[in-house]
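Colleague: I am new to this protein, and I would like to understand what stands behind the words used for it. Could you show it to me and then take my questions one at a time?

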Amino acid sequence: MYLDDEDDFAMLAENLFTDLDLEDRGKISKDEIENALDNIGILSGIPPMSEFPQLSNILNKYGAAGKEELGQAQFAQLLQPVLQEVADSLAKAPIVVDVEHIGVANGSKLRKVVENESVLDEFGQKIMHEKYESNSDASKIRCYLEKHGSDFGLPPSEVDEIVVLFDEIFSEIESQKDGLMVLLKEILEEVAEKLEANPVLYDLPPLQLVVGLPDPTR
């Protein structure tokens with residue numbers, strides 16, 4: 001939590017102060033400490049107050065509330081003991097927090113599949129050996145991509161942007177005489193190209209993060 005290294009903490013405090021000093025006055029109020037902790041965030045070991053109500057008591061204990069203004073050095077001096085007590089409290093009683101996170105489909109994994117003939121051939125074989133309602137190669141490929149999209153770095157098939165993208169691409173496909181493998185490569189290349197131009201953001205299942213456990217490498 002940046003407390004073991006003085007230089008790391010100094011840089012953290014400076015960056016937080018700069019972010020919070022929106023008017024560039026060199027002063028912020030004491031109650032900005034709570035916003036500073038929000039900015040540090042759960043992935044750096046600071047849970048939100050809704051998950052860690054003791055944070056309010058810690059802020060009050062060190063007088064980190066009110067409109068009294070602090071310079072950068074005073075801010076750092078106040079932030080340090082607050083962070084230390086948060087770390088100590090969580091070390092005694094770790095908490096589990098659900099963390100929302102976002103996936104990005106930008107076509108990079110698709111490109112790797114297309115550029116690796118053995119991997120592409122493996123997917124082609126899998127598509128050919130699955131059972132489908134339609135005998136159309138295009139329909140088989142679409143069904144497989146919708147069912148196993150994560151293997152290609154794609155979002156779930158119900159994501160609106162993917163539905164629209166597939167509708168657009170597959171509606172333009174004409175009958176192919178060259179076989180499923182050629183069609184598969186063409187489709188993956190086009191999907192990758194469109195995702196590179198317009199990446200799709202999508203919700204991933206929440207992560208359960210245990211906050212406060214000591215680092216086993218130390």
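Modeller: What follows is a set of questions about the terms used for this structure, each answered from a value and its definition.

Modeller: Please keep in mind that this is a predicted model, in which local features need pLDDT of at least 70 and side-chain atom pairs count only at pLDDT 80 or more, while totals for chains, interfaces and linings use all residues. Residues are numbered from 1 along each chain as its sequence is written, and side-chain values use heavy atoms, with hydrogens and water left out.

Colleague: How many helices and strands does the protein chain have, and what makes a stretch count as one of them?

Modeller: The protein chain has nine helices and four strands, where a helix is a DSSP run of H or I with at least four residues and a strand is a run of E with at least two, both numbered from the N terminus. Starting at the N terminus, the order is α-β-α-α-β-α-β-α-α-α-α-α-β.

Colleague: Why is Val 114 called buried?

Modeller: A residue is buried under 20% relative accessible area, exposed over 50%, and partly exposed in between, with a 1.4 Å probe and protein chains only. Val 114 has a relative accessible area of 7%, so it is buried; its place is in helix α5, residues 108-115. Across the protein chain, buried residues make up 35% of the 218 residues.

Colleague: What does Val 114 touch, leaving out residues up to four places away in sequence?

Modeller: A contact means heavy atoms within 4.5 Å, and Val 114 touches Leu 120, Lys 185, Leu 188 and Glu 189 on that count. The C-alpha atoms of Val 114 and Glu 186 are separated by 8.9 Å, although these two residues are 72 residues apart along the chain.

Colleague: Why does Arg 142 count as buried or exposed?

Modeller: Arg 142, which lies in helix α7, has 18% relative accessibility and therefore counts as buried. The other buried residues of α7 (residues 137-147) include Ala 138, Ile 141 and Leu 145, and the buried residues of this helix pack against α6, α8 and α9.

Colleague: What makes the pair of Arg 142 and Asp 167 a polar contact?

Modeller: A polar contact is a pair of N or O atoms within 3.5 Å; within protein, one must be able to donate a hydrogen and the other to accept it, and residues adjacent in sequence count only if both atoms are side-chain atoms. The side chains of Arg 142 and Asp 167 are joined by such a contact at 2.8 Å. At the N-terminal end of α7, Ser 136 acts as a cap, with a side-chain oxygen 3.3 Å from the backbone nitrogen of Ala 138.

Colleague: How do you know that Glu 69 and Arg 25 form a salt bridge?

Modeller: A salt bridge is a side-chain nitrogen of Lys or Arg within 4 Å of a carboxyl oxygen of Asp or Glu, and the closest N and O atoms of Glu 69 and Arg 25 are 2.4 Å apart. Glu 69 lies in strand β2 and Arg 25 in the loop between α1 and β1, so the pair ties together parts that are 44 residues apart in sequence. Glu 69 is partly exposed because its relative accessible area is 38%, and Arg 25 counts as partly exposed at 45%. Glu 23, Arg 25 and Glu 69 are linked in a network of salt bridges, and a search of the whole structure finds 11 salt bridges.

Colleague: What is the nearest side chain of opposite charge to Asp 21, and how far away is it?

Modeller: That side chain is Arg 25, at 5.2 Å, and Asp 21 is buried yet has no salt bridge. In this count Lys and Arg are positive and Asp and Glu negative, while His and the chain ends are not counted. The side chain of Asp 21 does reach the backbone nitrogen of Arg 25 at 3.0 Å, and Asp 21 lies in the loop between α1 and β1.

Colleague: Why does Leu 201 count as exposed?

Modeller: Leu 201, in strand β4 (residues 200-211), counts as exposed because its relative accessibility is 56%.
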